[in-house]
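This report describes side-chain contacts in one protein chain. Please look at the sequence and the structure before reading on.

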Amino acid sequence: MFYRASLQAAAALASLSLLAGCGLLPGGDSDVEQKLSVGTTSSPSTLDPAAAWDGSWELMRNVFQTLVSFPTGSTSPEPDAADNCRFTDNTSTAYRCELRKGLKFSNGDKLDAEAVKYSIDRIRSIAVKGGPVGMLGSLDRVETKGDDVVVFHLSKPDATFPFVLATPAMSLVAPSAYSKHKIRDDGKVTGSGPYLLDDYEPGDRSELVRNPDYKGFADRKNDAVTIRYFKESGAMVAALKKDEIDATYRGLGAEEVVNLEDNKDADSDLQIVESVGADIRFLVFNPEDPAAGNPAVRRAIAQLVDRDALVAKVYRGTAEPLYSMVPKGIAAHTTSFFDTFGDPDRKKAERILTKAGITEPVAMTFWFTTDRYGSSTAPEFAELKRQLEASGLFRITLKSKPWKTFQEGFTKGQYPVFGRGWFPDFPDPDNFIAPFVGKDSVTGMPYVKDEITNQLLPQSRKESDRGAVSKQFERAQEILVDDVRLLPLWQGKLYVAAGEDIGGGERALDPQTVMQMWELYRKASW
């Protein structure tokens, strides 16, 4: 039997079960080892945090520690490897953390202040293009004070810096196992997180086992987790129905979600838990491409794209139209693209092109990845192609690659137009603007907008009250609309599908929408 539960409903049901005295307990028999298998279409592109600014975070959150993190239900960073952290001044330029006592890495090395400094300095030393170095733009230097205290000195006020430290990109690594000058690529991990990476087969599976030396906030409700990587969401759901895996995260297609919610397979005992999502999808235009580099071409596409039709045909209620890079639910969200372009209009698009001297259909190639965002990605781009070509103003060729090679391609500027998804590093409007502008844009292509990078972002980062930064980010969104270098399409919802005997799905996704495997458990009757 299928059922759909919101986070609030799931919590309420759990409470009622306990009150009734006949509920289900996590873990069951204490003598029985809890082993789970979880499927996803989001396999890591790297195991090294210094190179990771993508879905690799899903694995990293579970095998590494950060100084601070986002436990489920938190709206601001809380201590993890740190015992406490705070700004020591009124200008948000010095952030001090004191470590927990007795921390060590999985190879036995001590996790001390020097290891923290090494881990953060290493990200800047290697400086992977399109990697997390772009998140450390405000960091001046890292200072250690004895074994247990580390101070981050910032070159400018940055109230978002604790949020940055909470991302898996800032995971702490053992200096003896990670070179300061190159990315580790031997398929192994030396961390201090809730789990150890016992075995790893790229594109196939990760075997996680409980770390006996872990000291942090995670309350592990299982002993071991196998993460299986699928190329197609259909195969992942089939494995779930056959009890080959216990749960899924990241990559469920719209059709699978709707089928589960509509109870179309009444013989299966499965559940699907929906949570609010801030993940977004958008198009990126390469300014070096003859066609995509023309502002008139970009604006004409923005005038033609029908988000309502896209969401209705392809995503069937599992997503909603997005008219800004800052999604609904995040402070400073606007509808700036709709305010500028209104409803799709072929005549307006034609006038934009004609005014720029373009009178023939524009030939362009759109690229997308085949194995990161679920099976709906291909139909999504087919629908975009249909819409643009129906206008008679464009001829679109579609091409695709698996994520790892796709990522290599866009960071080298090889694609004229390509689709990207963004799962927030942290729930703040800064994280939907800053990563995409500047010399180290996560799109792999510099996008220098001085007003945003030199004025709006610095102003907003002086404000510790993150609800008071709307003015700056509303202006930033106006600038992005004017350029149309990035074209927002839709924002989605997040779903965890699992066997009916699996608990914890309503708590498994943290505020960064990263899967916390330790929250999952197999239920057992009293």
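A residue is called buried when its relative accessible area is under 20%, exposed when it is over 50%, and partly exposed in between, with a 1.4 Å probe and protein chains only. The model is predicted, so local features need pLDDT of at least 70 and side-chain atom pairs count only at pLDDT 80 or more, while totals for chains, interfaces and linings use all residues. Residues are numbered from 1 along each chain as its sequence is written, and side-chain values use heavy atoms, with hydrogens and water left out.

**Salt bridges**

A salt bridge here is a side-chain nitrogen of Lys or Arg within 4 Å of a carboxyl oxygen of Asp or Glu. The count under this rule is 28 salt bridges. Three of them are listed in the table.

| Pair | N to O distance | Separation in sequence |
|---|---|---|
| Arg 466 and Asp 428 | 2.8 Å | 38 residues |
| Lys 449 and Asp 483 | 3.3 Å | 34 residues |
| Glu 451 and Arg 475 | 2.9 Å | 24 residues |

Helices (H or I, at least four residues) and strands (E, at least two) are DSSP runs, numbered from the N terminus. Arg 466 and Asp 428 form a salt bridge of 2.8 Å, N to O. This pair links distant parts of the chain: Arg 466 is in the loop between helix H13 (450–461) and helix H14 (470–483), and Asp 428 is in the loop between strand E19 (417–422) and H13. Arg 466 counts as buried because its relative accessibility is 12%. Asp 428 is also buried, at 2%.

In the second row of the table, Lys 449 and Asp 483 meet at 3.3 Å. Lys 449 belongs to the loop between E19 and H13 and Asp 483 to helix H14, so the pair ties together parts 34 residues apart in sequence. Lys 449 is partly exposed because its relative accessibility is 23%, whereas Asp 483, at 16%, counts as buried.

Glu 451 and Arg 475 have their closest N and O atoms 2.9 Å apart. Glu 451 is in helix H13 and Arg 475 in helix H14, so this salt bridge also ties together separate parts of the sequence. Glu 451 is partly exposed, with a relative accessible area of 27%. Arg 475 is partly exposed too, at 32%. Elsewhere, Asp 219, Lys 221, Arg 507 and Glu 519 are joined into one network by salt bridges that share partners.

**Aromatic rings**

Rings of Phe, Tyr and Trp (its six-membered ring) pair if their centres lie within 6.5 Å; planes under 30 degrees apart count as stacked, over 60 as edge-to-face and the rest as tilted. The whole structure holds 23 aromatic pairs. Tyr 315 and Trp 490 make a tilted pair, because their planes are at 40°, with the ring centres 4.3 Å apart. Tyr 315 lies in helix H8 (residues 307–315) and Trp 490 in strand E20 (residues 486–492), so parts 175 residues apart in sequence are tied together. Tyr 315 is buried at 6% relative accessibility, and Trp 490 is buried at 5%.

Trp 367 and Tyr 415 form a stacked pair, with 4.4 Å from centre to centre and 20° between the planes. Both of these residues are buried. They belong to one aromatic cluster, whose members include Tyr 373, Trp 403 and Phe 418.
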